[in-house]
Amino acid sequence: SGKLYQRATTEASQATLASVSPVFAVMKLDKEGNATFFEKKKTELYQELGLQARDLRFQHLMSIATRNNRIIMRMEFLKAVITPEFLLILDYRNLNLEHWLFNELASQLAGEGQLVTYSLPFEFRAIEAILQYRISKLQGRLNTLQPQILETLEALVDPKLLSVDRSKLHILLQNGKSLSELETDLKVFKETILEILDEEELIEELCLSKWTDPQVFEESTSGIDHAEEMELLLENYYRQAEDLANEARELRVLIDDSESIIFINLDSHRNVMMRLNLQLTMGTFSLSLFGLIGVAFGMNLESSLEEDPRIFWLVTGIMFLGSGLIWRRLLSFLGRHLEPPLPPHVPAVLKKSQPAAGRVELKNNLKAETFGLSRSTLTNQ
């Protein structure tokens, strides 16, 4: 009775765990690209694959790991398990992957899109297809952000504008955040690939067929080193990620330079307004100073001057002439103190003829206009 009770308790606990275990929607693709679809509980899936429960948690946004001759990959929302015979895509629904899964992935697994002309094992094609999908997604995000950022900067970097459009600044802020997220994803991608490239044992573990199929191992020893091919494949996508990171870095530098130019333009307009305000203040002071004469004559005091009609024009002329002279004097004083200092004299001995620079192709027209505007703005200031 004790054994029956223990068995019943164990079966009940297993039934409870099975009822709460998550269910994966699985897409299985074989070496020829044929796809089958089914649903399977997590407990059943990792037992069939010879894995552990923690191997199917997919805690990181990007990871490439090997376990029991299985490659476990996650590229953001894409979760995959690669074996020497088939590829499993987990939770493929509602991820906008239908076009890639049904139109591109099957043909790549069948043997298209390889880096070499001769045939490679199945796991090479699967890894290449997933890495190519990730790189294409990152490239698409960069292609979407780049024209938006350039268009916004072109609208903002204009010396004729006295103010900055806040809506454009809001768009630039959002694009800057998206660019930062893209730079972070590229950094994680490169670090994940580089972590594998730095360890020869990890590269060897990714070559699954080399240890399961004796024929593949013989071909490898006869001249085709699959570890070198795997390293070549990973280095190729690492270089692509590095190129994307450089383009994103150039956009970041362009945004920073444009922000500096915007601040310079705003400071220049602010200085003009402050100078105009100062000039008007000095004119008001001059006019008020000689306006005291009119105040004095406007008092109810009797003198012989109010009987002469020419005195009014004489006093008025003196007031305006004196105000104009004082205002002019103040303006000249202001001009002398606001003139920029002369550049230091450079001896002729230190001047060397510069070699003729070759024609440099800029990345876009905005960068040339941006630095041109900065020089003209600083000269005007």
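**Exercise 1.** Determine whether threonine 152 is buried or exposed in this predicted model, and describe which residues surround it.

*Solution.* Begin with the accessibility: threonine 152 has a relative accessible area of 5%, and because buried means under 20%, threonine 152 is classed as buried. Next, place the residue in the fold, where threonine 152 belongs to helix α4, the helix that spans residues 122-156. Then turn to the side chain, of which a polar atom lies 2.8 Å from the backbone oxygen of glutamine 148. Finally, set aside the neighbours within four places in sequence, and the contacts of threonine 152 are Lys168, Ile171, Leu172 and Asn175.

**Exercise 2.** Work out the strand order of the open six-stranded sheet, and identify which strands stand at its edges.

*Solution.* Reading across the sheet, the order is β2-β1-β6-β5-β4-β3, and the pairing is antiparallel. The edge positions are held by β2 (35-41) and β3 (62-66), each of which has a single partner strand, so one side of each is left without a neighbour in the sheet. On average, and with direction ignored, neighbouring strands of this sheet are turned by 20 degrees against each other. For one pairing in detail, take β4 (residues 71-75) and β5 (residues 78-82), which are joined in the antiparallel sense over five bridges; within β5, valine 81 is the bridge partner of isoleucine 72.

**Exercise 3.** Establish which strands helices α4 and α5 lie across.

*Solution.* Helix α4 lies across β1 (23-30), β3, β4, β5 and β6 (86-90), and its direction makes an angle of about 10 degrees with β4. Helix α5, formed by residues 166-197, lies across β3 and β4, and runs at about 20 degrees to β3.

**Exercise 4.** Examine asparagine 68 and asparagine 69, and state what the sign of phi is in each.

*Solution.* Recall first that most residues other than glycine have a negative phi. Asparagine 68 nevertheless has a positive phi, near 55 degrees, and asparagine 69 likewise has a positive phi, of about 60 degrees. As to location, asparagine 68 lies in the loop between β3 and β4, and asparagine 69 lies in the loop between β3 and β4 as well. Asparagine 69 has a relative accessibility of 26%, and counts as partly exposed.

**Exercise 5.** Compare the UniProt annotation of residues 227-261 with the secondary structure of the model over that range.

*Solution.* The unreviewed UniProt entry lists residues 227-261 as "coiled-coil region". In the model, the chain over residues 227-261 is 100% helix and 0% strand, with its end C-alpha atoms 51 Å apart.

Conventions. Residues numbered from 1 in each chain as written. Predicted model: local features only at pLDDT ≥ 70, side-chain atom pairs only at ≥ 80, totals over all residues. Heavy atoms only, no water. Pairing = 2+ DSSP bridges. Helix = DSSP H or I, 4+ residues; strand = E, 2+ residues; numbered from the N terminus. Axes fitted to C-alpha atoms, helices over the stretch in contact; angles between N-to-C directions. Contact = heavy atoms within 4.5 Å. UniProt positions renumbered as here; feature names shortened; annotations may be inferred. Buried < 20%, exposed > 50% of the residue type's maximum accessible area, 1.4 Å probe, protein only. Polar contact = N/O pair within 3.5 Å; in protein donor to acceptor, adjacent residues only side chain to side chain.
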